[in-house]
Amino acid sequence: MTFTELSISEPILKALLIKGYQTPTPIQEKAIPVALDGKDLLGIAQTGTGKTAAFAIPIIQMLNESRVKKVRREIKALILTPTRELAIQIDECFGDYSQYTNLRHAVIFGGVNQRPQVDQLNRGVDILTATPGRLLDLIAQKHISLNGISHFVLDEADRMLDMGFIHDIKRILPLLPKQKQTLFFSATMPTAIAKLSRSILSQPVRVEVTPASSAVDSVVQHLYFVEKSLKSNLLFTVLQKAQSKSVLVFSRTKHGADRIARVLNKKGIGCEAIHGNKSQNARQRALTNFKSGKTKVIIATDIAARGIDIADLEMVINYDLPDVAETYVHRIGRTGRAGKTGTALSFCAPDERTMVNDIQKLTGKKLNTVLTAVS
Ligand code: AMP
């Protein structure tokens, strides 16, 4: 199937061409026609499936073709997402896909000065991506009205719940007009999410794409049995061999992430660490440098890496194995996206061996051991 067959209009097709997207991903094939039809959608898909474009493309198309946009510059589409990093990435997607339209987009999130965000809102915004806390703050200060919303997206609903945003969401929902289209996305469907979805969707069409473990199929996985004290040397060696590849290295602790970054930088491999002790600006700067290719290696803890979408990530390295097997699947799922093949290397010290069994059980695949350097 092609984007043209999905009835995507010329300005958006042009933008997708520039992005290098040739064909729609499965979630896009299923969700775009439903959304363009104006129906509510219950999308079960995780990050990496192309779900952002699955809701961004139809929203841009519908707003671009609607007459309302010429009448008043008010917020017409609201996308709620749990993390700042995700919010920024979603807004970037809207920017990319709508570049040949006159639509305006903006993103708001907490932890930074609200002034530039308010200034941008005052200039007029059609599509707003927001994290719940900052949205409620700016609504309370009357900088934002949700009265003109015709399209509402709740993204990563399960993570919203995990992060304790349910009360914020319940405060936001009544502020939205009754008459609107709602697109609801979640990677998993626990009872609480199913209940929430029923309460806000009206006769939704359910679309679902491949569950978590199959994401692993597009990733070549290698295992290194190595003494803890040899891990940093091994990392240096594999990064030297990986040369210009973009690599995300996972460290179990913040302190560990800093230490790895220090060692690599000293040895001439430019890299940055991102974790919760770094300011939002420092994290954003590190991500921008990585995305632009200025740095090829980024070291992150699981929390900091949550929701980071780095297109064309070629390799994931588990410097430390995670504490639970599901985290392993999430980590390596950051590479091998959208039809590309990725590589995942895992460094396993003697005290981490039991985790290898758990991972193999969960993924149903035996990890390929490439090196044993333990006595
Ligand atoms: P998402 O699941 O929205 O986080 O998207 C995952 C990655 O796939 C992002 O880097 C997108 O830029 C990329 N992507 C989305 N749709 C397509 C497509 N149709 N073809 C190629 N890449 C895509």
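Ile-79 is buried, with a relative accessible area of 0%. That is where I want to start. The model is predicted, so keep that in mind throughout. Ile-79 sits in strand β2, residues 77-80. What lies across from it in space? Its C-alpha is 4.6 Å from that of Val-153, and the two residues are 74 apart in sequence.

Just before that strand comes Arg-73. You will find Arg-73 in the loop between α4, residues 68-71, and β2. Is Arg-73 buried, exposed or partly exposed? Partly exposed, because its relative accessibility is 38%. Now take Asp-37. Arg-73 and Asp-37 are 36 residues apart along the chain, and 24 Å separates their C-alpha atoms.

Next, the overall layout. The domain assignment of the protein chain gives domain 1, residues 4-208, and domain 2, residues 212-373. How far apart are the C-alpha centres of the two domains? The answer is 30 Å.

Two long spans give a sense of scale. Ala-349 is in the loop between β13 and α16, the latter being residues 353-363. Ala-349 is buried, as its relative accessible area is 1%. From Ala-349 to Glu-74 the C-alpha distance is 56 Å, with their positions 275 residues apart in sequence. The second span starts at Tyr-224. Tyr-224 belongs to strand β8, residues 219-226. At 12% relative accessible area, Tyr-224 is buried too. Val-118 is 106 residues from Tyr-224 along the chain, and their C-alpha atoms are 50 Å apart.

Now the ligand. How many residues surround it? There are 15, and the closest are Tyr-21, Gln-28, Gly-48, Gly-50 and Thr-52. By class, this shell holds 5 nonpolar, 8 polar and 2 charged residues. Which domains supply the shell? Both do: domain 1 and domain 2 each give at least three residues.

Look at the polar contacts. I will go through three, each made by an oxygen atom of the ligand. With the side chain of Thr-52, a ligand oxygen is 2.6 Å from an N or O atom. With Thr-49, the partner is a polar backbone atom, and the distance is 3.0 Å. With Lys-51, the partner is again a polar backbone atom, this time at 3.3 Å. Then the area. Taken alone, the ligand exposes 490 Å², and the protein buries 88% of that.

On to the aromatic rings. A search of the whole structure finds 5 aromatic pairs. I will show two of them.

One pair is Phe-55 with Phe-185. Their ring centres are 5.5 Å apart and their planes are at 50°, so this pair is tilted. Where do the partners sit? Phe-55 is in helix α3, residues 51-65, and Phe-185 is in strand β6, residues 181-186. That is a link between distant parts of the chain, 130 residues apart. Phe-55 and Phe-185 are both buried.

Another pair is Tyr-319 with Phe-347. Here the centres are 6.0 Å apart and the planes are at 50°, so this pair counts as tilted. Tyr-319 lies in the loop between β12, residues 315-318, and α15, residues 325-332. Phe-347 lies in strand β13, residues 342-348, so the pair ties together parts that are 28 residues apart in sequence. Both Tyr-319 and Phe-347 are buried.

Back to Phe-55 for a moment. Ring pairs join Phe-55, Phe-94 and Phe-185 into a cluster.

Last topic: backbone angles. Two residues deserve a look in your Ramachandran plots. Ser-7 is not a glycine, yet its phi is positive, about 65°. Ser-7 is found in the segment before α1, residues 10-19. Gln-203 also has a positive phi without being glycine, with a value near 40°. Where is Gln-203? In the loop between α10, residues 191-200, and β7, residues 205-208. Is Gln-203 buried or exposed? Exposed, because its relative accessibility is 74%.

To recap the binding site: 15 residues surround the ligand, both domains contribute at least three residues to the shell, and the protein buries 88% of the area the ligand exposes alone. That is my part done.

Methods. Residues are numbered from 1 along each chain as its sequence is written. This is a predicted model: local features need pLDDT of at least 70, side-chain atom pairs count only at pLDDT 80 or more; totals for chains, interfaces and linings use all residues. Side-chain values use heavy atoms; hydrogens and water are left out. A residue is near a molecule or strand if one of its heavy atoms lies within 4 Å of it. A polar contact is a pair of N or O atoms within 3.5 Å; within protein, one must be able to donate a hydrogen and the other to accept it, and residues adjacent in sequence count only if both atoms are side-chain atoms. Accessible areas come from the Shrake-Rupley method with a 1.4 Å probe; for residues, only the protein chains shown count as cover. Ala, Val, Leu, Ile, Met, Phe, Trp, Tyr, Cys and Pro count as nonpolar, Asp, Glu, Lys and Arg as charged, and the others, Gly among them, as polar. Domain bounds come from an automatic or database domain assignment. Rings of Phe, Tyr and Trp (its six-membered ring) pair if their centres lie within 6.5 Å; planes under 30 degrees apart count as stacked, over 60 as edge-to-face and the rest as tilted. Helices (H or I, at least four residues) and strands (E, at least two) are DSSP runs, numbered from the N terminus. Buried means under 20% relative accessible area, exposed over 50%, partly exposed in between (1.4 Å probe, protein chains only).
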